[in-house]
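Dear colleague,

Please find the structure below, together with its sequence. My notes on what was found in it follow directly after.

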Amino acid sequence: MTFSIVARCAQTGQFGVAISSSSPAVAARCAWARAGIGAVATQNVTNPELGPFVLDRLADGGNADEAVSAARKHDAYPDYRQVLAVDANGTTAIHSGEKALGIWTSASGKDCVAGGNLLANDGVPAAMIGAFESSKGSLGDRLIAALRAAVVAGGEAGPIHSAGLIVVDSQSWPYAELRVDWLDDGCPVAAVGRAWEVYQPQASAYVTRALNPSAAPSYGVPGDE
């Protein structure tokens with residue numbers, strides 16, 4: 001019921017997750033990232049606790065494989081979980097329990113790993129990795145490209161209704177966090193992609209407004225001078 005990719009940008013140090021599902025509000029429950037530490041997707045029969053758990057293990061000095069292994073041991077029902085992680089060195093790891101739903105598989109590349117369950121076919125994660133590695137632009141651009149490639153490759157076995165993107169940079173809050181929590185008609189991946197196109201040119205200005213409002217650019221709205 002979900003496909004996702006977690007990744008690191010070696011040039012900027014940003015981390016991010018892009019994810020979509022037939023379930024509502026998938027990004028709110030399944031996508032996690034922490035500046036300077038890593039990114040995690042926890043999906044299938046989701047235990048949201050595992051996202052912060054893995055990030056805490058990474059913050060304590062563990063690598064992605066150690067953190068995901070610790071999460072598998074920590075969880076009471078690991079056979080139902082699918083957990084993907086990337087750490088500060090770009091090392092990746094994934095756990096897919098034996099009771100993951102439908103067609104489930106994963107693929108990994110440089111600084112990235114993708115996985116899914118209840119997929120239309122087992123080539124979806126590989127298509128995501130291929131798109132991420134061959135795309136140009138920012139981390140957000142490449143994550144959106146991966147999400148779009150998943151849809152083209154078949155995506156889920158059924159219709160998708162929610163999607164999301166989270167990117168962290170050097171602040172304690174997300175550089176970008178964009179979500180479609182439910183869409184009856186249309187494609188939530190396309191909607192999040194469009195939101196990213198609108199948000200990306202303003203993303204750095206939002207950081208400046210938080211850190212130094214006196215140096216921030218104008219808002220560009222009626223009444224703003």
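**Notes on the structure**

Asn47 counts as buried, because its relative accessibility is 13%, and the cut-off for that class is under 20%. Please keep in mind while reading that this is a predicted model. Asn47 sits in the loop between β4 (38–44) and α2 (50–59), and its C-alpha atom is separated by 34 Å from that of Pro201, a residue 154 positions away along the chain.

Arg142 is likewise classed as buried, with a relative accessible area of 13%, but this residue belongs to a helix, namely α5 (residues 139–152). Between the C-alpha atoms of Arg142 and Leu119 the distance is 21 Å, with 23 residues separating the two in sequence.

Arg142 also helps to line the largest pocket, along with Arg8, Cys9, Ala10, Gln11, Lys110, Asp111, Phe132, Glu133 and Ser135. This pocket holds about 160 Å³ of space, and its lining is made up of 5 charged, 3 nonpolar and 2 polar residues.

As for enclosed space, the structure has 1 cavity of 30 Å³ or more, and the volume of the largest cavity is about 40 Å³. The residues that line the largest cavity are Ala27, Ala31, Gly164, Leu165, Ile166, Glu177, Leu178 and Arg179. Two strands, β9 (162–168) and β10 (176–180), each contribute at least two residues to that lining, which by class comprises 5 nonpolar, 2 charged and 1 polar residues.

Turning to charged pairs, the count of salt bridges in the model comes to 7, and three of them may be worth following in the viewer.

- Asp75 and Arg81 form a salt bridge in which the closest N and O atoms are 3.0 Å apart. Asp75 is buried, since its relative accessible area is 7%, and Arg81 is buried as well, at 9%.
- Arg57 and Asp60 meet through their side chains at 3.8 Å, N to O, a distance that counts as a salt bridge because the cut-off is within 4 Å. Arg57 is partly exposed, with a relative accessibility of 26%, whereas Asp60 is exposed, with a relative accessible area of 62%.
- Glu197 and Arg194 are joined by a salt bridge of 3.2 Å, N to O. These two residues lie about one helical turn from each other, because they are 3 residues apart in helix α6 (residues 188–211). Salt bridges with shared partners link Arg148, Arg194 and Glu197 into one network. Glu197 itself is partly exposed, its relative accessible area being 43%.

What, finally, makes up the nonpolar surface patch of about 280 Å²? The patch is formed by Val45, Tyr77 and Tyr80. Of these residues, Tyr77 lies in the loop between α3 (64–74) and β5 (81–87), and Tyr77 is classed as exposed because its relative accessible area is 51%, the cut-off for exposed being over 50%.

With best regards

How values were computed: Residues are numbered from 1 along each chain as its sequence is written. This is a predicted model: local features need pLDDT of at least 70, side-chain atom pairs count only at pLDDT 80 or more; totals for chains, interfaces and linings use all residues. Side-chain values use heavy atoms; hydrogens and water are left out. Patches are made of residues with over 30% relative accessible area and no salt bridge: like charges are joined within 9 Å, nonpolar side chains (Val, Leu, Ile, Met, Phe, Trp, Tyr) within 5 Å. Accessible areas come from the Shrake-Rupley method with a 1.4 Å probe; for residues, only the protein chains shown count as cover. Helices (H or I, at least four residues) and strands (E, at least two) are DSSP runs, numbered from the N terminus. Buried means under 20% relative accessible area, exposed over 50%, partly exposed in between (1.4 Å probe, protein chains only). On a 1 Å grid over the protein atoms alone, a cavity is a set of points where a 1.4 Å probe fits but cannot get out, and a pocket is an open set with protein on both sides within 12 Å along at least five of seven lines; lining residues have an atom within 4 Å of a point. Grid points are joined across faces, edges and corners, and a volume is the space filled by probe spheres set on the points. Ala, Val, Leu, Ile, Met, Phe, Trp, Tyr, Cys and Pro count as nonpolar, Asp, Glu, Lys and Arg as charged, and the others, Gly among them, as polar.
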